[in-house]
Structure formats: structure tokens, C-alpha cells
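Student: Could you walk me through this structure, one question at a time?
Tutor: Gladly! Have a look at it here, and then we can begin.

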Amino acid sequence: MQTLAQNLSSQGIEAPLSQLIHTLADTSKAISHAVRHGALAGVLGATEQENVQGETQKKLDVITNDMLKDALKADSTVRGLASEEEDYIVEVGQSGDFLVCFDPLDGSSNIDINSLVGTIFSVLPAPSGELSEKSFLQAGRNQVAAGYVLYGPSTMLALTTGKGVQLFTLNPDTNEYLLTCEAMSISKDTSEFAINMSNQRFWEAPMQTYISDLLLGKIGPREKSFNMRWIAAMVGDVHRVLSRGGLFTYPTDNKNPEKPYKLRLMYEANPMSFLVEQAGGKASTGYEAIMDIAPTDIHQRVAVILGSANEVDACLEYHRVDYSEEPNL
Ligand code: F6P
Ligand code: MN
């Protein structure tokens, strides 16, 4: 089995990017170690702080954010970073080639129930000139690398540099990432979907109709039965989609009209969309490809529909219908 270093070199990844990927991978090993020690290390539970999005930070949100920040600050290839847990961008060096956006611990509400969590990262080219928040506001298509680390029964790193998606498993005996799947591929068709059903009444008409049709199974217009899964950590749900196909969505809802979307473009939606497209799947807001969005704010949120290409297309068909005349929706 190839090591991460061997795989990056066989893909022809050049030194600066390879160095950065190693920094991220090495930090994820330390995070994996902290997550595994859980209550033994006193790292579970919440802090008294809120992040910029008004969410209470878990102790591990803060610990993992600091671990990544410290490691990236020490990496000469990094010009700046933006994190879901940081109010503002952080300038790192004057000459680094890359900007890194990350969600240090996705799904952190799962921490206290000893369930799946992960780290998501996105690497953008650093524009020349002075660094500002504007330097980060690049479309997902600009990403030079993206990936996630899933801290599950085994720790896994899924990575793309635009040459497919490679999956590595952390060998707990040697603490080394080894290539366990050289090309992750999402099946075109699926009969599995992932959505937080408790929000059903708050969705837009296209999503309500689409999900109702899936639930009708064989007697409905789709003429087949669908299964549902919801891990409540995007990293876990997207890993399942990459592993065995499926459709994952966190759609627009009007539960809180000031916050119609949940997932963050720069830290979650863009990197996951890059991975999904590289594995043959699709990623859309319902109205446009996620990676084509021109960002306006580093912390902005978007609607996400991603996964098996034919199923995402089926869902997008519902978004082309005009529901304004429908009495019940
Ligand atoms: O980071 C946001 C997030 O935790 C995702 O990882 C996950 O998909 C979603 O929110 C879970 O949302 P909910 O709490 O509605 O189940
Ligand atoms: Mn998250």
C-alpha cells in the first residue's frame, strides 16, 4: 500500500502543495489522537464562548481550531487562513502560495455522544498583493486541493487535487496514512437520501415535492423505494455518499428567515463539492453549481444538494417547476 507521500509523488504533486497536504494530514493525526481520548483527556463538553455564527463552541472546536491554526502558521506555503471558528481571516506569512479554509471539527454536536466528527479543508491559490478577506472570496472552481478527515472507527483522509479522489486510512500501529482506495467513485444512481426531515414544513415547494415523491416509494412517480440516513455531521454523510452513492441535502428553509441556509460555502460546501465532482457526482444549490458561486463573505452559507449525478438531476428537475399556483405549498 502506498503511503501518502508516495501517492502525492506518484501523482506529480509539486513540493509546496505536497508540504501543505502533509501539514494538514499530520495535524489530523494529532486531532484524531485528541478525539479518541475523549473524556479521558477532559476535552468533551462546551465552552462559554460563541463563534461568529452565534453557535456555542465545544471544547474540541476550540482545541482543534488552535491545532490547525498553529500548524498552518508554521508552514511556509501558507499565506493566510480562514476558519469556521475564527471571526476574521488570519494572515500567516508574506510569501506563501496558498490560502487555507477549514472547518476544524465538523459535526461537533456529535462529540458528546461519541459519534462521527471530522475536519474539512479547502486550499485556494493566494493572490498577489496585500492580503484581505477579499483574497479568500474565490469561487470553488479555483480550489487546488480539498479534503476531509473522518474520525470514525478508523481515521480516514479523503483528498482531491483535481485528479480524482484518493482515500487513505490511518494505520494506528505506525501512525501513517496508507492508500486504501485510489479512485473513489459515486454511483450515478441511488435509492438512498439524507436530509433532516424535522425541517420538512420549512422547505421550499420544490424540495417538499421531491422528498414527498421519494417517500411514496414504488407507488409514487419514482416507482422505487428509497432508504434514509442522517448522521448530523456533513463529513459522515458525504463519506457515505462517496463510498456507496446517495443524495445528501441541507436545503433552503424558512425556519428562521434571517438564516435560510445552514452549511458554510467556504468551509463545507465548496470542498465537499470539489470531492463529489471529482468522484463523478454533482453538487448544486438547486439553482446553480455550488463551485460556480462568487462568494461575498467568508462565513456565508448556502443550500446544498449533492451526490449521485442522476439523483441530483432528478431533484433539480423539481426546482425548474413553477409551484406558485399550487394551493398547498
Ligand atoms: O456543520 C453543520 C452541521 O453540523 C453539518 O455537519 C451537518 O450536516 C448539519 O450541520 C446537521 O444539522 P442538523 O443539526 O440540522 O441535523
Ligand atoms: Mn461543520
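Tutor: One definition to start: helices (H or I, at least four residues) and strands (E, at least two) are DSSP runs, numbered from the N terminus. Please also keep in mind that this is a predicted model, where local features need pLDDT of at least 70, side-chain atom pairs count only at pLDDT 80 or more, and totals for chains, interfaces and linings use all residues. Residues are numbered from 1 along each chain as its sequence is written, chains are lettered from A and ligands numbered from 1 in the order in which they are written, and side-chain values use heavy atoms, leaving out hydrogens and water.

Student: In which strand does Asp103 lie?
Tutor: Asp106 has its place in strand S5. Asp103 lies in that strand too, which covers residues 98–106 and is named S5.

Student: Which residues does UniProt place under "binding site"?
Tutor: The feature comes from an unreviewed UniProt entry; positions follow the numbering used here, feature names are shortened, and annotations may be inferred rather than shown by experiment. The residues placed there are Asp103, Asp106 and Glu268. They span 166 residues in sequence, yet no two of their C-alpha atoms are more than 8.5 Å apart, so Asp103, Asp106 and Glu268 gather at one spot.

Student: Which protein donors does the manganese ion (ligand 2) have?
Tutor: Donors are N, O and S atoms within 2.8 Å of the metal (3.2 Å for Na, K and Ca), and sites may look incomplete because water is not among the atoms. Along the chain, the donors follow the spacing D-x2-D-x161-E. Asp103 in strand S5 and Glu268 in helix H7 (residues 265–278) are 165 residues apart, so this pair links distant parts of the chain. Lying 2.0 to 2.2 Å from the ion, the protein donors are Asp103 (OD), Asp106 (OD) and Glu268 (OE).

Student: Is Glu268 buried or exposed?
Tutor: Buried means under 20% relative accessible area, exposed over 50%, and partly exposed in between (1.4 Å probe, protein chains only). Asp103 is at 1% and Asp106 at 5%, so Asp106 is buried. Glu268 has 2% relative accessibility, so Glu268 counts as buried.

Student: How far is the side chain of Asp106 from an oxygen atom of ligand 1?
Tutor: A polar contact is a pair of N or O atoms within 3.5 Å; within protein, one must be able to donate a hydrogen and the other to accept it, and residues adjacent in sequence count only if both atoms are side-chain atoms. For Trp230, a polar side-chain atom lies 2.9 Å from an oxygen atom of ligand 1, and for Lys262 the value is 3.3 Å. For an N or O atom in the side chain of Asp106, the distance is 2.7 Å.
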